[in-house]
Every structure is written in C-alpha cells, then in structure tokens.
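Good morning, everyone, and thank you for letting me take a few minutes of the meeting. Please have the sequence and the structure open while I talk, so that you can find each place as I name it.

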Amino acid sequence: MSTGDPTLLKLLSQATTACERALNQELRARLDDQLRPAHYAVFRYLDPAGSRIAGLADAAGMTPQSMGELVTHLERCDLVTREVDPTDRRARVVTVTEAGRAALSVAAEQIRDIERVLARRLGQRRFTELRTALVEVNQALAQNIADAG
C-alpha cells in the first residue's frame, strides 16, 4: 500500500496474536506453563467426536508431524488422548480428556473476558458491528474461494 497503512491481513493477524497472547497468559498460569498458542490449533479444529492427526494438520495448515508433536505434548498434559478409531481400528483419533474439557472451560471463560475488555474499549455497538463484519468477511472470502474453485 502506498499510504503506509497496514493491510487488512496484517491488522487481522495482529489482532489474532494479541487475543492469543491474552488467552495464553491466563491458560499458562492456570493450566501448564509450557502451553503455547500453537497448541490451540489442536482444540480449534478438533471434532467433539475425535479427529485424526492428518485431518487436524490439514485444517491447521501444518504437517502431520508438527500436529503430532502438539498432540503428544497435550497428551503428556492429560488434555487429549489418542484412541482407536471406531470406523477404522487401524487408525487413531484424538479426543479431549476430562482435564481437557476443564481446560476448554477455562479458555472459554478467558475468551469471554477478552471480549468484555474489547466491548468496553470499543463500546457495545462497535463491538457488535466488528463481530458482524468479521462474519461477513469470512463468508465473502469463502464464497470467493468457492467461485474460483
């Protein structure tokens, strides 16, 4: 951009990073000081019924090996487990443990706190408009990709 203004992509990335840092600070303090935002990709894309590593990796845009490392760390923390896939007994699926569900509750609480901070800063009307605009951005870009494909 010739104006020196940051691109929309950069602003969205910076906002995501700021939200993840705020979330991570609380989760590390309450759950495990070894947690990093990269670990959240497991939970972000994990199907409640369980997901295979390859599917998680594909959804997160990373290699299965990298996703496997994240899952292994979360297994050591007792937040997820690998179980036999009921549809293919040769495969394994990642599922959330009871401790993982408790961690997700902590994360949900922290996300609500982050949203309250943003709503106070922006005002409720602007915050609601921001949420609506982001939904529309996602829909427009998904439609653009579908039209191109």
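**Salt bridges, core and surface**

I would like to begin with a pair of charged side chains, Asp113 and Arg116, which form a salt bridge whose closest N and O atoms are 2.2 Å apart. Before going further I should say that this is a predicted model, and that every value I quote is computed from it. The two partners sit three residues apart in helix H5, which means that about one helical turn separates them. Asp113 is partly exposed, with a relative accessible area of 28%, and Arg116 is also partly exposed, at 43%.

From the same region we can go to a second pair, since the side chains of Arg131 and Glu115 meet in a salt bridge of 3.1 Å, N to O. Here Arg131 belongs to helix H6 and Glu115 to helix H5, so this pair ties together parts that are 16 residues apart in sequence. For Arg131 the relative accessible area is 44%, so it counts as partly exposed, and Glu115, with 29%, is partly exposed as well.

How many salt bridges does the structure hold? The count is 11, and among the others is the one between Arg82 and Glu75, where the closest N and O atoms are 2.9 Å apart. In addition, Arg52, Asp85, Asp88 and Arg90 are linked in a network of salt bridges. As a general point for those new to this, side chains of opposite charge can pair when their charged atoms come close.

Let me now step back to the whole chain. The protein has 149 residues, of which 27% count as buried, and its secondary structure comes to six helices and two strands. Following the sequence from one end to the other, you meet the pattern α-α-α-α-β-β-α-α. The C-alpha atoms fill a box of roughly 55 × 40 × 25 Å along the principal axes.

Next, the interior. Which residues touch the most other members of the largest nonpolar core? They are Val42, Met67 and Val71, out of 22 residues in that core, and the elements giving two or more residues to the core are H1, helix H2 (40-45), helix H3 (53-60), helix H4 (64-76) and helix H5 (98-122). If we set aside neighbours within four places in sequence, Val71 is in contact with Val42, Ile53, Leu56, Val80, Arg82 and Val94, and you will remember Arg82 as the partner of Glu75 in a salt bridge.

Not every buried residue is nonpolar, however, and Gln110 in helix H5 is a case to look at: it counts as buried because its relative accessible area is 12%, which is under the 20% limit. Beyond its neighbours within four places in sequence, Gln110 is in contact with Ala22, Leu23 and Glu26. Elsewhere, Glu20 lies in helix H1, and a polar contact of 2.9 Å joins its side chain to that of Arg44.

Finally, please turn to the outside, where Leu8, Leu12, Leu130 and Leu134 form a nonpolar patch with about 320 Å² of accessible area together. Helix H1 (8-30) and helix H6 (124-148) each supply at least two residues of this patch. Leu8, in helix H1, is exposed, with a relative accessible area of 56%. In soluble globular proteins, nonpolar side chains tend to be buried together, and I leave you with that patch to look at on your own screens.

Conventions: Residues numbered from 1 in each chain as written. Predicted model: local features only at pLDDT ≥ 70, side-chain atom pairs only at ≥ 80, totals over all residues. Heavy atoms only, no water. Patch = residues over 30% accessible without salt bridge, like charges linked within 9 Å, V, L, I, M, F, W, Y side chains within 5 Å. Areas by Shrake-Rupley, 256 points an atom, 1.4 Å probe, with all protein chains shown as cover. Salt bridge = Lys/Arg side-chain N within 4 Å of Asp/Glu carboxyl O. Helix = DSSP H or I, 4+ residues; strand = E, 2+ residues; numbered from the N terminus. Buried < 20%, exposed > 50% of the residue type's maximum accessible area, 1.4 Å probe, protein only. Core = buried A, V, L, I, M, F, W, Y, C linked by side-chain atoms within 4.5 Å. Contact = heavy atoms within 4.5 Å. Polar contact = N/O pair within 3.5 Å; in protein donor to acceptor, adjacent residues only side chain to side chain.
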